[in-house]
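Hi everyone, thanks for coming. I'd like to walk you through one structure today, and please stop me whenever something is unclear.

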Amino acid sequence: MRTRNTIYNVIAGLTSKLIICLCLFCVRKVMAESLDSNYIGLEGFFSNVIGLFSLVDLGFGTAIAYSLYDPIHKGETDKVNAIISLLKKVYIAVAFVIFLLSIAVSFSLGNYIKDIELEAVYIQKAFIIYAGSIAVTYLFAYQRTYIFALQKNYILSIIDSITKIVCSCIQVFLLSKFHSYLLYLFIVFMGNLITNYMAMAFLKRHNAFAVEITKYELPDEFKNRLKRDVKNLAITNLCWQGLVSTDNIIISMVVGVTDLAKNANYSAIIQAGTSIIKSILSGVNASFGDLLAEKKQEKIQMYFSHYIFISHYIGGLASVCFFYLSNQFVEAWVGKFYVFDIHICLILSLNLYLSIMHKTIGDIVNLTGLFYESKPYAIISLCLNIGGSLIFAKVIGVIGVFIGTTISFAFLIITMLKILTKTVVQIRKYVIIKKSFLYGIHMIVIFYILMFILNEFNFFDDLIVKFLMIMIFYNFFSVLFFVKSENLHFFIRLLRRFNKTIFTR
């Protein structure tokens with residue numbers, strides 16, 4: 001059952017993300033043609049500001065989600081319903097607090113964007129609409145958490161895809177016809193509202209997934225553990241949100257609106273790629289949470305090694321594609337004005353790889369409930385990110401912001417591996433060092449081989465041809481490099497199961 005649900009989740013999630021990414025690129029292209037560059041970077045800036053506001057949940061969502069796996073595995077329905085009811089109350093409160101904070105800060109938001117030519121009142125209106133679209137997602141977030149814990153998240157993938165297609169068509173029409181950024185944001189709000197309403201309606205219709213009212217009282221032991229986890233997660237989440245929600249803010253304040261607009265397009269590419277990859281990894285990690293509930297150490301070690309390898313393999317492919325294709329794609333997509341220097345692309349591709357590795361390792365840390373152990377390292381990573389980004393940005397410009405992020409991601413990955421190998425996974429340190437060194441050598445070799453091939457043969461200049469060649473050569477040389485690895489054989493078996501599921505249904 002675990003493997004079958006994992007395959008369904010990955011296939012549905014991958015298909016949904018591909019559809020969403022295609023819609024995103026179409027809307028972005030029309031936006032670049034219909035609006036001034038001042039508008040292009042606003043959404044990324046808004047997202048970073050809202051990311052800081054999301055700290056108000058204090059880690060309740062993550063802590064409660066972690067608590068679902070064991071009772072679901074044991075079939076304790078009353079306890080599951082009690083946990084979900086608590087999660088629902090928390091998220092509704094978070095939604096209202098985020099929206100109120102957004103209204104409060106909106107009055108001075110325009111002062112934090114360097115060289116912006118839009119009126120402060122216009123920025124305020126746009127931000128409030130965007131904040132409303134985010135608050136709506138929190139109102140229904142408990143349902144998504146529950147379905148993820150049940151390993152049934154493929155249900156939401158279908159709903160998300162349909163809604164995104166419809167909303168994107170409307171956005172393209174409105175941008176082309178009225179050239180209005182506010183109308184674009186309003187459709188974002190309506191899309192989030194309709195998506196979550198459809199999910200709620202589906203759950204009510206299918207009683208197997210509905211949350212029922214229960215008088216079950218959560219035990220004191222559970223409440224005490226929850227308080228302890230929330231206390232630790234409050235600090236960890238503060239640091240994590242500070243890490244992922246400061247790049248655009250620092251760029252807007254220190255560098256300026258031009259690089260903010262450029263970063264918006266590269267961020268869209270990165271988010272599209274990582275959303276596809278994370279949909280695959282999330283389906284795998286959900287089954288890992290179920291595996292942890294069984295407490296079989298040998299299996300945990302084996303699957304941990306497999307998942308780290310899969311993250312490296314997919315993350316490496318994504319970073320290589322980004323480095324060799326992003327500039328050419330951005331120029332063809334929105335114009336040469338929005339193209340970054342090749343050295344910036346190299347740092348962004350490294351950050352893409354590190355963020356994917358961090359996704360898998362960080363999810364496992366959360367699934368195991370190691371919130372207290374990860375807290376001090378999260379604090380250090382935040383200091384490294386903000387301090388490094390500000391110093392480097394003032395000295396070398398926008399690339400300095402991304403270098404600060406690189407240092408923070410690398411530090412977090414190293415420290416989280418240290419935590420996991422000492423507690424849950426219990427793999428010896430030299431094994432991790434050996435594999436990390438091997439993965440590093442693999443990436444360096446692949447980069448240089450592809451650099452030689454793409455520079456030597458000019459007929460690879462076509463974007464699609466170049467992409468296909470990268471896919472072929474990356475996979476060919478990677479298979480040769482890891483041919484004796486059991487992790488590669490596991491990955492191939494998993495791919496075969498996916499293919500079998502696709503072509504037999």
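**A walk from the core outwards**

Let's begin with the inside. The largest nonpolar core has 128 residues, and the members that touch the most others are Phe-46, Tyr-181, Phe-304 and Val-320. Which helix gives the most to this core? That's α14, with 18 residues. As a bit of background, nonpolar side chains tend to be buried together in soluble globular proteins.

Before I go on, please keep in mind that this is a predicted model. The protein chain has 20 helices and zero strands, so when you turn the picture around, look for helices. It has 505 residues, and 55% of them count as buried. Now take the contacts with a sequence separation of 6 or more: 84% of those come from residues 24 or more positions apart.

Let's zoom in on Tyr-181 from the core. If we skip its neighbours within four places in sequence, what does Tyr-181 touch? The list is Met-31, Leu-35, Tyr-39, Leu-42, Glu-43, Phe-46, Tyr-122 and Ala-126. You'll recognise Phe-46, which was also named among the core members that touch the most others.

Just before that, in the loop between α9 (154-178) and α10 (181-205), sits His-179. Its phi is near 50°, a positive value in a residue other than glycine. Is His-179 buried or partly exposed? It's partly exposed, because its relative accessibility is 44%.

Staying with α10, that helix also holds Met-200. Met-200 counts as buried, at 18% relative accessibility. Leaving out neighbours within four places in sequence, Met-200 is in contact with Phe-140 and Gln-143. Phe-140 is 60 residues away along the chain, yet the two C-alpha atoms are separated by 7.7 Å.

Okay, rings next. The model has 30 aromatic pairs. One of them is Phe-25 with Phe-329, an edge-to-face pair with 5.2 Å from centre to centre and 70° between the planes. Where do these two sit in the chain? Phe-25 is in helix α1 (residues 2-34) and Phe-329 is in helix α14 (residues 297-333), so the pair links parts that are 304 residues apart. Here's a small puzzle: why do we call one partner buried and the other partly exposed? The cut-off for buried is under 20%. Phe-25 has a relative accessible area of 19%, so it is buried. Phe-329 has 25%, so it is partly exposed.

There's also a group of rings to look for. Ring pairs join Phe-309, Tyr-313, Tyr-439, Tyr-474, Phe-481, Phe-482 and Phe-491 into a cluster. Keep Phe-309 in view for a moment and find Ser-485, in the loop between α19 (463-481) and α20 (486-503). Ser-485 counts as buried, with 17% relative accessibility. Ser-485 and Phe-309 are 176 residues apart along the chain, and their C-alpha atoms are separated by 9.8 Å.

Back to helix α14, where we find His-312. How accessible is His-312? Its relative accessible area is 0%, so it's buried. Again leaving aside neighbours within four places in sequence, it's in contact with Tyr-353, Met-357, Tyr-439, His-442, Met-443, Tyr-474 and Phe-482. Tyr-439, Tyr-474 and Phe-482 are names you just heard in the ring cluster.

Another residue in α14 is Ile-300. Ile-300 is buried too, at 4% relative accessibility. From Ile-300 to Gln-426 you'd travel 126 residues in sequence, but the C-alpha to C-alpha distance is 9.3 Å.

Last stop: empty space. Rolling a probe the size of a water molecule over the atoms shows where such space is left. The second largest pocket holds about 950 Å³. It's lined by 33 residues, and the closest to its centre are Tyr-353, Leu-354, Ser-436, Tyr-439 and Gly-440. Two of those, Tyr-353 and Tyr-439, were in the contact list of His-312.

Which elements give two or more residues to this lining? They are α14, α15 (342-367), α17 (398-422) and α18 (429-456). The one that gives the most is α18, with 12 residues. By type, the lining divides into 22 nonpolar, six polar and five charged residues.

That's my tour, so over to you for questions.

Definitions and conventions. Residues numbered from 1 in each chain as written. Predicted model: local features only at pLDDT ≥ 70, side-chain atom pairs only at ≥ 80, totals over all residues. Heavy atoms only, no water. Phe/Tyr/Trp six-rings, centres within 6.5 Å; stacked < 30°, edge-to-face > 60°. Helix = DSSP H or I, 4+ residues; strand = E, 2+ residues; numbered from the N terminus. Buried < 20%, exposed > 50% of the residue type's maximum accessible area, 1.4 Å probe, protein only. 1 Å grid on protein atoms, 1.4 Å probe; cavity = no way out; pocket = protein on both sides within 12 Å on 5 of 7 lines; lining within 4 Å. Points joined across faces, edges and corners; volume = space filled by probe spheres on them. Nonpolar A, V, L, I, M, F, W, Y, C, P; charged D, E, K, R; others polar. Core = buried A, V, L, I, M, F, W, Y, C linked by side-chain atoms within 4.5 Å. Contact = heavy atoms within 4.5 Å.
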